[in-house]
Amino acid sequence: MSDTFYDKTSAADTIVGFEYQYYYFLLELLNLEEGQKIGFEFKDDVHIELPNGSLILIQLKHTTQEKTVLKGKEEQINLTTRDEDLWHTVHNWIEIIKNVGGSTLVERKKFISNTTFQLVTNKSYSVRNQFIKELENLKNNTDLSVFKTFLSNLHSTTKDPDDTTKKNPIKENIKELMEVEFLDDFLRNIEIKTDFDDLIQKIEKKIKYRKNIDEKQIERAFSLLDSSIRKGNYDKFKNKEKVIITADDFHKLATRCFNIVKSGKLPERKCYYYKQPLNPEEQIFIKQLIDIGAIDINDTKKIIDFTNMKLSIMNSFKAWELAVDLLPDEIEKFEQNSIEKWAVHFENSEMDCKEILENTSIVLKDFELQKIAKNCLKKVREIELSIHKTNLSPRQSNGQFYYLSDENPKIGWLHDWDKKYKI
């Protein structure tokens with residue numbers, strides 16, 4: 001099967017289009033003023049409600065298609081006069097007016113007067129787009145009859161399909177617009193933004209200047225905000241709730257995200273995602289400690305205490321991750337850093353183990369190897385870990401190393417721990 005087939009069936013364009021809508025939504029969230037609220041995939045792709053009752057309906061149209069221009073430079077295709085996205089958007093808005101604006105012409109005109117209809121696209125502006133040109137002329141007080149003449153000519157010059165049983169949807173949309181009774185009111189409230197792209201850069205710039213975030217922290221601030229909004233949207237979609245965020249709600253969420261970035265420290269969070277196992281002595285990290293003589297299998301109190309240390313750090317990191325205080329890659333880096341700190345002491349103990357294995361009698365060998373392993377454990381227990389300017393307590397630091405030495409362990413104490421305990 002050729003790649004051409006996969007290219008045709010790929011969902012990449014749909015995914016990019018949805019992401020374009022989402023990032024525009026995030027950008028507008030950063031623009032919200034007091035008393036405003038914004039919705040996503042509800043009244044339109046994005047909508048904004050103003051305190052005075054006015055409504056902004058926003059249709060987002062993204063293309064990955066490119067045109068070749070001089071010197072091989074690639075640019076997005078133009079928004080044309082007969083652009084499918086343009087006319088499908090006009091059709092959608094007419095449907096909204098008819099179904100939401102009321103049943104009478106007076107009601108519909110009132111709805112239109114309180115509504116701005118925005119088409120935002122990454123397609124390029126073209127001076128040859130007669131729709132945009134005539135729309136601008138109308139807003140500059142050209143008589144409506146001029147626009148009607150334009151529509152009539154556009155309709156008559158738009159070709160019908162070769163198959164006479166089918167209709168050209170663009171031609172049908174043009175006709176639909178020609179026949180609406182609220183044409184003048186509607187056209188004057190349409191706004192078209194072309195060449196609107198690079199949304200992530202726009203968002204990061206807005207974070208930098210509007211939220212006063214240091215240049216070095218912008219990426220992290222963006223990631224925290226992005227993750228928080230996405231999670232909130234997902235939860236609402238999953239529960240079949242409307243995604244509507246007020247300026248106050250967003251301010252609280254954004255402030256929390258940005259304060260984390262500015263302080264560099266992690267907030268203290270209490271949670272209990274992980275609880276004491278039924279048989280704590282069966283945990284691999286406990287078995288490792290028993291095997292080196294650091295703990296007795298019958299010392300239930302100490303086993304539970306060590307387990308609590310492990311669970312404490314696991315719960316903290318789970319809470320930080322769910323609250324988007326930490327990102328997965330940051331947790332991964334912290335874990336790797338912890339392993340590297342352990343490795344410094346373990347590598348030193350390995351040299352001592354090598355000497356014991358080569359020169360010590362069989363009777364003393366196990367005893368000496370245990371002694372070296374306990375010394376390695378002792379030094380690792382003295383390590384103080386930190387993440388994002390947040391110093392972990394000694395119990396949390398020890399808990400992290402217990403966690404790493406548990407299920408399918410990544411660290412150990414005996415010279416052959418990886419062979420003995422790893423799955």
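**Group meeting: a walk through the model**

Let me begin with one residue, Gln400, which touches Ile313, Phe334, Glu335, Ser338 and Leu385, leaving out residues up to four places away in sequence. Please keep in mind that this is a predicted model. Gln400 sits in helix α16, which covers residues 394-404. Is Gln400 buried or exposed? Its relative accessibility is 3%, and because buried means under 20%, Gln400 counts as buried. Ser312 is 88 residues away from Gln400 along the chain, yet the two C-alpha atoms are separated by 8.9 Å.

Now to the strands. Strand β1 takes in residues 37-40, and strand β2 takes in residues 46-49. The two run antiparallel and are joined by four bridges. One pairing to look for is Phe40, whose bridge partner in β2 is Val46. Together β1 and β2 make a hairpin, with five residues between them. In that turn, Glu41 has a positive phi of about 55 degrees.

β1 has another partner, strand β8, at residues 243-246. Here too the strands run antiparallel, with four bridges joining them. On this side, Ile38 of β1 has Ile245 in β8 as its bridge partner.

Next, the nonpolar cores. In soluble globular proteins, nonpolar side chains tend to be buried together. In this model, the largest nonpolar core has 40 residues. Which of them touch the most other members? They are Phe25, Leu26, Leu29, Ile207, Leu225 and Ile229. Several elements each supply at least two residues of this core: the helices α2 (12-31), α9 (199-210), α10 (218-238) and α11 (247-263), and the strands β1, β2, β3 (55-61) and β8. The most comes from α2, which gives nine residues.

Take Ile207 as an example from that core. Leaving out residues up to four places away in sequence, Ile207 touches Leu30, Asn212, Ile213, Ala221, Phe222, Leu225 and Phe258. Apart from this core lies another one, of 38 residues, and among them are Trp320, Leu326, Val380 and Phe401.

Last, a helix we have not visited yet. Helix α12 runs over residues 284-291. Which of its residues are buried? Ile284, Phe285, Ile286, Gln288 and Leu289 are. After α12 comes Gly293, with a positive phi near 80 degrees.

That is the tour. If you want to follow it on screen, the stops were Gln400 in α16, the hairpin of β1 and β2, the core of 40 residues, and α12.

How values were computed:
Residues numbered from 1 in each chain as written. Predicted model: local features only at pLDDT ≥ 70, side-chain atom pairs only at ≥ 80, totals over all residues. Heavy atoms only, no water. Buried < 20%, exposed > 50% of the residue type's maximum accessible area, 1.4 Å probe, protein only. Pairing = 2+ DSSP bridges. Core = buried A, V, L, I, M, F, W, Y, C linked by side-chain atoms within 4.5 Å. Contact = heavy atoms within 4.5 Å.
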